[in-house]
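Hi,

Here is the model you asked for. My notes follow below it.

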Amino acid sequence: MQENALKRGSAWEVLKTAVRLGLTSFGGPIAHLGYFREEYVNRRKWIDEKTYADLVALCQFLPGPASSQVGMAIGFIRAGFWGAIAAWIGFTLPSAVALALFAGFLKGTSFRETGWLHGLLVAAVAVVAHAVWGMAKNFASDRPRATIAITAAILALMIPSVFSQVGIIVGAGIAGWIFFRNVPGAQPVPITLSFNKKAAGVLLILFFVLLGLLPVARKFTDSNWVALFDSFYRSGALVFGGGHVVLPLLQAEVVPSGWLTADQFLAGYGAAQAVPGPLFTFASYLGMASFGWKGAVVATLAIFLPSFLLIIGALPFWNWLRDHPRFQAALYGINAAVVGILLAALYHPVWTKAINSPADFCLALAAFGLLAVWKRTPWIVVGFSAAGGALLSLVS
């Protein structure tokens, strides 16, 4: 492999950038990918567009929160093992702390109808639309790839199952392998990782060992802490699609066990909609409401640990695979499918939740203009949209 073309940095700069994203990335996992692309690809140029698309495709295959995994991967590429940890801490800590505090004093308050929160949902429309537009120009600009992208969007909307995205990506990879094997594609920018395949294999083995041994340890001990760690580790390890898909798994773990009531669970879910960052930090609320601050820490670490082990364990193998011509052909189709999946998500749930009136559309259009035309940073767009949503709620 040729010399690394991606510059290395420090874990501190990764942490600072991730904290900013953790404070401003509203709108759910698909919107997070838009925020990440704007920050890491366009503004800071830590990775190139193709590497970013490849990482998004990889994280669609893996269980767990895709956006958090993409952030960990970028931190790992930028600053090694500590960079991955810094990326996770920075993106996760703001919402984790906020939701733990919510658990301490909120009693079933609903945030869904507040104007400023609706404005944040409108900001997500602009961010995702900008990401889809930019990625489509790079990965679905010709007729064959545009066809794959449109087909992927249709299938994602018409077959909204937990495993549909994985199936779409596999199908697109097969199509790319068949139809694009003789198409000269852009070579991936080479990256040097601090982990070799042997070390990565140890992490992947640890993922499965914990998945198998924790339920056994729980059965033969009376420790609430083992039970809590097991419940949240399995929830993080077995959910495909991330985000809202994890909610029924968590409810099945904490409500029947008596740790929380159904009303407490739903109150926390409402609060989780009002904070930025990954929805998996809902675990912080559940742990805090069940066992206090120690419970919040244990639940948060447990639910994200599978994702960390999987993405760091998979990256060295993924880095090796993406250099092979046949796999490059498959990625040609996969990246087009990712554009289609993002396009489908732009409609549902992003658009359907946010755009309820012509005024909402106008606010989204103005936010999109700030991103695409005026080149403003996402946190400015978030503030603008929140203020606009609050104003619209007052005059409506």
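**Aromatic contacts**

F36, Y40, W46 and F91 come together as one aromatic cluster. Please keep in mind that this is a predicted model. The structure holds 17 aromatic pairs. One of them is F81 with W82, an edge-to-face pair. Their ring centres are 6.0 Å apart, and the planes meet at 85 degrees.

F81 also pairs with F308. The centres of these two rings are 5.5 Å apart and the planes are at 85 degrees, so this pair is edge-to-face as well. The F81–F308 pair links distant parts of the chain. F81 belongs to helix α4, residues 66-105. F308 belongs to helix α12, residues 282-321. The two residues are 227 apart in the chain.

How covered are these rings? F308 is buried, because its relative accessibility is 13% and the cut-off for buried is under 20%. F81 is partly exposed at 28%. W82 has 60% relative accessibility, so W82 counts as exposed.

**Charges over rings**

Two tryptophans have a charged residue over the ring face. K137 lies over the face of W133, at 4.5 Å from the ring centre. R181 lies over the face of W177, and there the figure is 4.3 Å from the ring centre.

**A nonpolar patch on the surface**

Ten side chains are worth finding in your viewer. I150, I154, L155, L157, M158, I159, Y347, W351, F361 and L365 form a nonpolar patch on the surface. Together they have about 970 Å² of accessible area. Three elements give two or more residues each to the patch: α6 (143-158), α13 (325-354) and α14 (358-372).

Which element gives the most to the nonpolar patch? That is α6, with five residues.

W351 is the patch residue I looked at individually. W351 sits in helix α13. Its relative accessibility is 30%, so W351 counts as partly exposed.

**Two lysines with positive phi**

K45 has phi near 55 degrees, a positive value in a residue other than glycine. K45 is in the loop between α2 (29-43) and α3 (49-61). K45 is exposed, because its relative accessibility is 60% and the cut-off for exposed is over 50%.

K375 also has a positive phi, near 55 degrees, and is likewise not a glycine. K375 is found in the loop between α14 and α15 (378-395). Its relative accessible area is 60%, so K375 is exposed.

**The chain as a whole**

How many helices and strands does the chain have? There are 15 helices and zero strands. The radius of gyration is 21 Å. The globule rule gives 21 Å for 396 residues, so the chain is as compact as a globular protein of that length. Along the principal axes, the C-alpha atoms fill a box of roughly 60 × 60 × 40 Å. Buried residues make up 55% of the 396 residues.

**Where to look**

Start with F81, which pairs with W82 and with F308. Then turn to the surface patch that includes W351. Finish with the loops that hold K45 and K375.

Best wishes

Methods
Residues are numbered from 1 along each chain as its sequence is written. This is a predicted model: local features need pLDDT of at least 70, side-chain atom pairs count only at pLDDT 80 or more; totals for chains, interfaces and linings use all residues. Side-chain values use heavy atoms; hydrogens and water are left out. Patches are made of residues with over 30% relative accessible area and no salt bridge: like charges are joined within 9 Å, nonpolar side chains (Val, Leu, Ile, Met, Phe, Trp, Tyr) within 5 Å. Accessible areas come from the Shrake-Rupley method with a 1.4 Å probe; for residues, only the protein chains shown count as cover. A salt bridge is a side-chain nitrogen of Lys or Arg within 4 Å of a carboxyl oxygen of Asp or Glu. Helices (H or I, at least four residues) and strands (E, at least two) are DSSP runs, numbered from the N terminus. Buried means under 20% relative accessible area, exposed over 50%, partly exposed in between (1.4 Å probe, protein chains only). Rings of Phe, Tyr and Trp (its six-membered ring) pair if their centres lie within 6.5 Å; planes under 30 degrees apart count as stacked, over 60 as edge-to-face and the rest as tilted. A charge sits over a ring if NZ of Lys or CZ of Arg is within 6 Å of the ring centre and within 35 degrees of the ring normal. The radius of gyration is taken over C-alpha atoms; the globule rule is 2.2 Å times the number of residues to the power 0.38.
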